[in-house]
Amino acid sequence: MIQEQPRLCKSQLSALCQEWSELPAHLRADRLVERLYRFLHPLDWSRFPERSEERVYPGPRPAARAPFVAALLIRALEQLPSFGALARYLHEHPHVAELIGFGEQLPDRRQLARVLRLLSAQQADFALDASVRAIAQQLPSEQNKLFGDTVMGDTQAILAWVAENNPKQYAPDRFNKTHRPKGDPDCRLGIKKSPSSPRKAEEEAPPDEQTPPTPATEPQPANQLQIGRDILWGYGTGVVATTLPNGMEVVLAQLTQPFHESEVSYFRPLMEQVEQRLGRRPRYGIWDTGFDAHYVYDYYHQAGGMAYVPLNPGPRGSDRQFSPEGHPLCAAGLAMHKAFDFLDRKSLREPHRRDKYVCPLLYPQPSASDCPIDDPHWTKGGCTSTIASGLGSRIRLQIDRTSEEWKAVYAKRSVVERINSQAEHLGITRPKLRSLAAIRNWNLLIYAIINLKVVARLTTA
């Protein structure tokens, strides 16, 4: 784990930074304060990234953000339905407000909502980052070395709080993807994925050129799709999870994006977060079909492990065979000749190099008068094949997904599905928030709550 130099605890959070025995008697006598203290104290609040006091900023000095983050964590934990309910909660429990660092002036619902939206990236990440560190500190050194070595990833749809998602309300531009709902201009239109209708990750177009996909199984006319369930305006949240030796599930990374973004677009940002929190690359990754891209396999191969992803064959290329040197075989079983490689900027979200292979009987010099199997491509210059450079594209097609070992490992993806179920119970799929920044920060706090529950179980075991 990456270690940081600790800082002195801010005065506003002195209660959460102190040991329980050092707190004032009136706080220790409150059972609610004790429960919340035990839950929030494992976060290292001395590392909270408050705004630097050494730098000169224009305008008035804002209130410290750490008490607000603690209050928002309490809202998620107690499942309070609104910011107004949280403001009333703090007024009705002044000892709780004192514990988390508020003085006599308590925030109202507008201030709580505004701070959630305006938290910096470092402040929003603090709770999830500190919760992962707290879990790692509870593990024996041998277990810590393997913590997060196998990860599972998935995405989940989030329903935006807009009129376009209400089937009982008139919305003339409900299915116009270029429309920006007035209630939340950041959300986007999309169709929820179906487990039995995977998308072709290797052939997807850039996000701006995509249109909502038509379900491949049991397709329905657009007028029969249920708004808010099958097709919706909203966001997607991607999550990476892992398990502890005792079976507990831990969230390592989270990313929230508008709903029109493809699943595979979550991969690199999520894994960058995982590497930052673990200080290394996980060796094994378990993902669903939407992440069937060559660079996903290459990522885990470079780490010394393997990616477990179901194959999305697409219209062609799933039955390719390769020579020991990694050259694709033609229909006659001959190793094809690499003619050239080029930089592809269109077929994937990120530019990558692709290799062009041609008939070995015709290139670089003709060596036969006809094809041994009379393939119809012979009269058109012979067989050709284009495949992404690197081992990932070969590994993707050579994995034996019918083996019992592969099936047993892939079954562990249920871990991230249980994480999604916990997050849904905490209200992640229907937040009453109206901006990407607020929803992203709220999601981070929800996943931190899931991790803090793991910390509580570890410390009481």
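Helices, meaning runs of H or I in DSSP at least four residues long, and strands, meaning runs of E with at least two, are numbered here from the N terminus. The exercises below use that numbering, and they concern a predicted model.

**Exercise 1. Place isoleucine 399 between its flanking helices, and decide whether isoleucine 399 is buried or exposed.**

Solution. Begin with the secondary structure: isoleucine 399 sits in the loop that runs between helix 12 (391–398) and helix 13 (404–410). Next, take the relative accessibility, which is 14% for isoleucine 399; since buried means under 20%, isoleucine 399 counts as buried. Then look at its surroundings: with residues up to four places away in sequence not counted, isoleucine 399 touches Tyr297, Met306, Ala307 and Trp406. Finally, compare sequence with space, where isoleucine 399 and proline 310 are 89 residues apart along the chain while their C-alpha atoms are 9.7 Å apart.

**Exercise 2. Find which residues of helix 12 are buried, and what covers them.**

Solution. The buried residues of helix 12 are Gly392, Ser393, Arg394, Arg396 and Leu397. Turning to what lies over them, the cover includes helix 11, strand 8 and strand 9.

**Exercise 3. Describe how helix 5 and helix 7 cross, and which residues make the contact.**

Solution. First consider the geometry: the axes of helix 5 (residues 83–92) and helix 7 (residues 109–118) come within 8 Å of one another and cross at roughly 115°, and the crossing is right-handed. Helix 5 contributes Phe83, Gly84, Leu86 and Ala87 to this contact, while helix 7 contributes Arg109, Leu112, Ala113 and Leu116. Sorted by class, the residues of the contact comprise six nonpolar, one polar and one charged.

**Exercise 4. Work out where leucine 445 lies and which residues leucine 445 is in contact with.**

Solution. Leucine 445 belongs to helix 15 (residues 436–460). With a relative accessibility of 2%, leucine 445 counts as buried, because the cut-off for that class is under 20%. Once neighbours within four places in sequence are left aside, the contacts of leucine 445 are Val69, Leu72, Leu73, Leu116 and Ala127. Among these, leucine 73 is separated from leucine 445 by 372 residues in sequence, yet the two C-alpha atoms are 6.0 Å apart in space.

**Exercise 5. Which residues with a positive phi lie in loops, and how exposed are glutamine 79 and aspartate 374?**

Solution. Take glutamine 79 first: although glutamine 79 is not a glycine, its phi is positive, at about 55°. Glutamine 79 lies in the loop between helix 4 (66–78) and helix 5, and at 40% relative accessibility this residue counts as partly exposed. Aspartate 374, likewise not a glycine, has a positive phi of about 55°, and its place is the loop between strand 8 and strand 9. Aspartate 374 has a relative accessible area of 62%, so it is classed as exposed, the threshold for that class being over 50%.

**Exercise 6. Identify the residues joined by a cis peptide bond, and locate proline 364.**

Solution. The cis peptide bond joins tyrosine 363 and proline 364, with omega at about 0°. Proline 364 is found in the loop between strand 8 (352–358) and strand 9 (384–388).

**Exercise 7. Determine how many cavities a search of the whole structure finds, and characterise the lining of the largest cavity.**

Solution. The search of the whole structure yields two cavities of 30 Å³ or more, and the largest has a volume of about 80 Å³. This largest cavity is lined by 14 residues, of which the closest to its centre are Cys330, Cys359, Cys371, Asp375 and Cys383. Classifying the lining gives eleven nonpolar, two polar and one charged residues.

**Exercise 8. Decide whether aspartate 292 is buried or exposed, and then state what share of the protein is buried.**

Solution. Aspartate 292 occupies the loop between strand 5 (284–286) and helix 11 (294–302). Its relative accessible area is 0%, and aspartate 292 is therefore buried. Aspartate 292 and tyrosine 308 are 16 residues apart in sequence, with a C-alpha to C-alpha distance of 9.3 Å. For the protein, which has 15 helices and nine strands, buried residues make up 50% of the 461 residues. Of its contacts between residues at least 6 apart in sequence, 68% join residues at least 24 apart.

How values were computed:
Residues numbered from 1 in each chain as written. Predicted model: local features only at pLDDT ≥ 70, side-chain atom pairs only at ≥ 80, totals over all residues. Heavy atoms only, no water. 1 Å grid on protein atoms, 1.4 Å probe; cavity = no way out; pocket = protein on both sides within 12 Å on 5 of 7 lines; lining within 4 Å. Points joined across faces, edges and corners; volume = space filled by probe spheres on them. Nonpolar A, V, L, I, M, F, W, Y, C, P; charged D, E, K, R; others polar. Axes fitted to C-alpha atoms, helices over the stretch in contact; angles between N-to-C directions. Left-handed = near helix turned anticlockwise from the far one by under 90°. Contact = heavy atoms within 4.5 Å. Buried < 20%, exposed > 50% of the residue type's maximum accessible area, 1.4 Å probe, protein only.
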